[in-house]
Amino acid sequence: MPLMHAPQPTAAAGAFLAGICCFLAPAAPALDSLESSLEVLDSDLFTLSLLTLRAEQSAGSWYLDTTISRSDYELDFQPVSFDLLGQAVRIEESAHSLNLNASKQLEDNLTLKIGLGYRDGFSNYRALWLDTYFDQHFSPLEGIPGYELYHDAQVSASSLSAGLKWEYLPANGIATVTVSRIQDNVSPGYEIDFDGIRRGELVLASTSLSLVTENVLNKRMRARMALTATETSAREVRYSAELAFNTALGDRFVWRNKLGVATEKPQFDAYFFDTSLEYQISDPLALYLQARRYADTGEIENALLFTTAAPELDNDSLALGLRYTGQNWSAKLAFTHSHSDFQENNVNVDFFRNLYRDTDWLNLQLALAKRF
């Protein structure tokens, strides 16, 4: 099987985004800040490198936040020993994304927010692994009833969001309501039985409504709460909530805590807890230690059929980071170790044991920003 390469963004998509940019920014933009970051994630399953460039700028009465990124996957696809059709193969894949967020102050305490996004390529290694599996098992079945349903997936996604931010307590209380829509052109899953080949969803559409509030409780404590409801094609509504507290412990220590939960019928529940302690070594330099715990009850991948159900998952992470914040320059260096622990696979996902196996992850992140 040859190496797979992600398709390039269409000319129509590029022209559309360029037109929106011109509409939002009729005046010559003034660059406020520029940030670049490189993140490398390594495990025995795959290696991912993520390069990101972000720019913040003012354009007339609009404030623009533009992010361009490139993800490079290196994956050693290894089928289980009893998979007679699967073949070990080295995969190299790239994905590109562009996100534009624009905001405009309508009144002293009211701000309009608009977001546009486009991704060309796979969003994660799991989708790439499953695409390889189904390609190996179904592309050779020409002549089987339903084979006309099989096609070489062109994976991409586009998004649109709009919201209002209300500063109901000057400098102390903010509420934001956002509606977003995502269309995800996915690599579908396939099954075969005595009636021939069946195919999963080609396009997933998700609509989300979120409410976020941020409040300064006192001179040392700040809180944030987010509530979100998301409806995705052929699935029940998913509800999620997140609560965060940042507390200043004296002049040099900051304690940050975040708790989140999510639920979706018929059987998905998840939660995470994130805590970090930051020490201000000097005015520009800070050191932080971060721990994170995540768990869920297992989920069915919405782009594929039931045989790809992920088992129950527990994940623990520990990160150590160093941040520099100067008058015009800032930088961040962080190292994270993470361990994923899956429950034993059920009989329906035996062919995916090499995808859902316990894994240790190492992550290195380096970011550099310049403010003008």
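Let me start with the aromatic cluster. Ring pairs join Phe 77, Phe 82, Trp 129, Tyr 133, Phe 134, Phe 138, Tyr 147, Tyr 150, Tyr 190, Phe 351 and Phe 352 into a cluster. Keep in mind that this is a predicted model. Searching the whole structure gives 18 aromatic pairs.

How do we describe such a pair? A pair of aromatic rings is described by the distance of the centres and the angle of the planes. Take Phe 138 and Tyr 190: their ring centres are 5.5 Å apart and their planes are at 35 degrees, so the pair is tilted. The word tilted applies because the angle falls between the limits of 30 and 60 degrees.

Where do these two residues sit? Phe 138 belongs to helix H2, residues 125-138, and Tyr 190 to strand E8, residues 190-193. The pair therefore ties together parts that are 52 residues apart in sequence. Both Phe 138 and Tyr 190 are buried.

Here is another pair. Phe 253 and Tyr 279 are also tilted, with 5.0 Å from centre to centre and 40 degrees between the planes. Phe 253 is in strand E13, residues 253-264, while Tyr 279 is in strand E14, residues 268-280, so this pair ties together parts 26 residues apart in sequence. Are these two buried or exposed? Phe 253 is partly exposed, at 34% relative accessibility. Tyr 279 is partly exposed as well, with a relative accessible area of 31%. Those labels follow because partly exposed covers the range between 20% and 50%.

Next, a charge over a ring. Arg 292 lies over the face of Phe 272, 4.4 Å from the ring centre.

Arg 292 has another partner: its side chain meets that of Asp 274 in a salt bridge, 3.6 Å from N to O. Which strands does this bridge link? Asp 274 is in strand E14 and Arg 292 in strand E15, residues 285-296, so the link spans distant parts of the chain, 18 residues apart. Asp 274 counts as buried because its relative accessibility is 10%, whereas Arg 292, at 32%, counts as partly exposed.

How many salt bridges are there? The count comes to 18 salt bridges. Some share partners: Arg 54, Glu 56, Asp 65 and Arg 371 are joined into one network. Within it, the side chains of Glu 56 and Arg 54 form a salt bridge at 2.7 Å, N to O. Glu 56 is buried, with a relative accessible area of 13%, and Arg 54 is partly exposed, with 30%.

One more bridge. Arg 90 pairs with Asp 76, and their closest N and O atoms are 3.0 Å apart. Arg 90 is in strand E4, residues 89-107, and Asp 76 is in strand E3, residues 62-77, so the pair ties together parts that are 14 residues apart in sequence. Arg 90 counts as partly exposed at 34% relative accessibility, and Asp 76 counts as partly exposed at 47%.

Last, a single residue, Ser 210. Ser 210 lies in strand E10, residues 203-218. Is Ser 210 buried or exposed? Ser 210 is buried, because its relative accessible area is 17% and the cut-off for buried is under 20%. What is Ser 210 in contact with? Leaving aside neighbours within four places in sequence, Ser 210 is in contact with Thr 176, Val 177, Thr 178, Leu 227 and Thr 228. Ser 210 and Val 179 are 31 residues apart in sequence, yet 6.6 Å apart in space, C-alpha to C-alpha.

Key. Residues numbered from 1 in each chain as written. Predicted model: local features only at pLDDT ≥ 70, side-chain atom pairs only at ≥ 80, totals over all residues. Heavy atoms only, no water. Helix = DSSP H or I, 4+ residues; strand = E, 2+ residues; numbered from the N terminus. Buried < 20%, exposed > 50% of the residue type's maximum accessible area, 1.4 Å probe, protein only. Contact = heavy atoms within 4.5 Å. Phe/Tyr/Trp six-rings, centres within 6.5 Å; stacked < 30°, edge-to-face > 60°. Lys NZ or Arg CZ within 6 Å of the ring centre and 35° of its normal. Salt bridge = Lys/Arg side-chain N within 4 Å of Asp/Glu carboxyl O.
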